Amino acid sequence: MEQLISILMSLLTMFMTLISSFMGGGTTPVNPTPSDPTPEPTPVVSGVLSWPLKKSSYVNAGYPAYPGGGAHNGIDIFVSDGKTDGEPFYSAGEGEVTLAANDGQYNDGFGNYCVVYHEKLNIYTLYAHAKEIDVSVGDKVNTDSKLGLIGQTGNATASHLHFAVIKINSDGSTAYDDPMKYVKNPYDSSSPGGSSTTSGKFIFKVYGWGHGVGMSQQGAIVMAKNGKTYKEILKTYYPGTELSTDNNTPSTVKRNGTSVGLVEYLCKTVKQEIGDDAPMEALKAQAVAAYTYAKRFDNFSSGQAYSSSFSYKGTNVEKAVLAVLNISNESETPKATYVTYNGKCAETYYFDTAAGKTTSSASVWGGEEIAYLKGGVASPEKVSESTREFTSAEMKAFIEAYAKSSGKTINLDSNPANWLKILAHDSSYSADIGYVTKIAVGDVTFSGNSFKSKILDDKLRSHCFTITYVAD
Ligand SMILES: [Zn+2]
């Protein structure tokens with residue numbers, strides 16, 4: 001009886017630990033054991049469990065943290081040929097299934113998952129994000145037992161097997177442990193192009209913010225403080241454009257299905273976007289940009305930040321909005337000032353900071369048809385710089401995931417140093433640095449913007465970047 005209670009208690013502890021460590025991201029300590037501050041010696045037991053896949057595969061993100069930060073309580077396994085989805089996975093050793101969730105629910109991020117207790121080792125193994133789980137609680141399993149098929153249920157952005165090891169401490173408490181202490185990958189990871197190495201990393205130096213183009217709100221504030229008018233600010237950030245008057249300005253717009261006065265809509269947008277303490281001319285520039293953006297996309301309900309609780313009556317924000325709507329109070333019929341390019345409503349993107357510089361409208365936002373961005377923008381723009389690093393294993397996984405989702409074949413050299421090559425950029429930042437217009441990814445070329453959005457899933461601030469590969 002006592003033993004049963006102890007087992008039940010450890011199961012309970014285990015799931016509390018699982019849930020708390022999953023929910024708490026990088027901040028929740030895994031299973032603290034204040035009663036025993038002496039760290040246990042780390043056993044080197046690699047190989048006591050079997051690799052849970054029977055196909056060439058590799059670890060994309062390891063234990064105990066993702067390469068980009070954030071706690072990670074297991075390892076993420078991908079199949080080397082890119083066909084991870086639907087691949088069977090197997091029990092890492094002899095044991096008994098103690099949990100099997102095949103309900104398609106989120107399950108604290110694990111999706112469909114199962115847990116196997118390995119009595120001889122006194123540990124659990126956990127297999128998550130499955131497309132399906134093929135075992136039931138109480139099933140006796142061994143290394144030939146298929147547990148299920150790999151999927152991307154729960155909190156997963158691509159199909160992979162999340163594999164975790166949970167050890168049971170002498171006091172019955174449980175804690176995640178590094179799976180690589182217990183398993184060895186017999187396949188040695190290999191890339192789609194037959195690479196046997198995923199060593200090294202890619203360092204991206206990125207210039208600009210967001211999409212790297214459009215109006216910089218910080219820049220607009222600086223310009224206004226330096227005595228520039230809202231018209232000068234708008235012409236600076238949307239070069240080649242004109243300001244026009246919209247004779248079809250709506251008095252009310254729909255926001256989330258509810259009718260809102262245009263003045264109220266713009267005030268709450270401007271407040272959230274640039275703040276109500278920005279100088280008057282910057283507020284006006286923001287109001288024009290916000291109106292133009294919404295008009296261009298015929299969408300006043302989303303895509304712009306909104307300060308629902310802002311009491312705008314009598315504020316500078318209201319003054320600025322009324323001014324660019326060419327009215328003196330809310331009851332008059334507005335005639336909005338808006339930005340046009342070649343007679344068409346422009347696309348007035350805006351960001352807190354932006355590189356604010358591009359030499360060709362063809363390189364961004366769909367080319368000449370889309371109505372803005374000619375020439376370059378300099379003072380007073382301050383280009384923000386940032387650095388992002390990706391391991392070669394991560395980069396390979398990104399490329400494979402894209403290849404799979406797009407049905408393309410991308411062959412990678414055995415040396416990661418040759419995977420990514422910037423072939424052309426527009427020199428908009430300096431002679432050596434600009435928006436990437438052409439980049440080779442293995443044997444396929446992309447524009448910098450599609451590389452950034454499709455392969456890197458917008459993990460870079462802009463497509464104005466340099467790449468340095470550093471070998472281990
Ligand atoms: Zn994982």
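Select Y113 to begin: in this predicted model, and leaving aside its neighbours within four places in sequence, Y113 is in contact with A101, N107, L126, Y127, A128, A130 and I133. Keep Y113 highlighted and add C114, Y127, I399 and V441, since these five residues touch the most other members of the largest nonpolar core, which holds 69 residues. Helix 7, residues 392–406, is the next selection, as this helix gives the most to the core, with 8 residues. Colour domain 1 (2–188) and domain 2 (202–207 + 386–470) separately, and you will find that both give residues to this core, so the core lies between them. A second, separate core of 46 residues can then be shown, and V253, A287, V317 and Y350 are among its members.

Stay with helix 7 for a moment and bring up the open sheet in which three strands stand in the order 19-11-23 with antiparallel pairing. Strand 19 (385–391) and strand 23 (464–470) are the edge strands, each pairing on one side only, and neighbouring strands of this sheet are turned by 20 degrees against each other on average, direction ignored. Strand 11, residues 201–207, runs antiparallel to strand 19 and is joined to it by 7 bridges; to see one position in this pairing, select Y207, which stands opposite E385 in strand 19. Helix 7 packs on this sheet, where it touches strand 11 and strand 19, and its direction makes about 85 degrees with that of strand 19.

Move next to another open sheet, made of 3 strands in the order 13-16-17 and likewise antiparallel in its pairing. Strand 13 (242–246) and strand 17 (344–345) stand at the edges with a single partner strand each, so one side of each is left without a neighbour in the sheet. Strand 16, residues 336–341, pairs with strand 17 in the antiparallel sense over 2 bridges, and selecting Y341 together with K344 shows a bridge pair, K344 being the partner in strand 17. Helix 5, residues 280–296, packs on this sheet and touches strand 13, strand 16 and strand 17, its direction making about 65 degrees with that of strand 16.

Finish at helix 2, residues 217–225: is this helix mostly covered or mostly open? It is mostly covered, with 7 of its 9 residues buried, namely Q217, Q218, G219, A220, I221, M223 and A224. To display what covers these buried residues, select elements including strand 12 (215–216), helix 3 (230–237), helix 4 (262–274), helix 5 and strand 18 (350–351). Just after helix 2, look at G227, which takes a positive phi of about 90 degrees.

Note on methods
Residues are numbered from 1 along each chain as its sequence is written. This is a predicted model: local features need pLDDT of at least 70, side-chain atom pairs count only at pLDDT 80 or more; totals for chains, interfaces and linings use all residues. A nonpolar core is a set of buried Ala, Val, Leu, Ile, Met, Phe, Trp, Tyr and Cys residues joined through C-beta atoms within 7 Å. A residue is buried if 20 or more other C-beta atoms lie within 10 Å of its own, exposed if 12 or fewer, and partly exposed in between; C-beta atoms are placed from the backbone. Helices (H or I, at least four residues) and strands (E, at least two) are DSSP runs, numbered from the N terminus. Domain bounds come from an automatic or database domain assignment. Two residues are in contact if their C-beta atoms, placed from the backbone, lie within 7 Å. Two strands pair if DSSP finds at least two bridges between them. Axes are lines fitted to C-alpha atoms, for helices over the stretch in contact, and angles run from 0 to 180 degrees between N-to-C directions.
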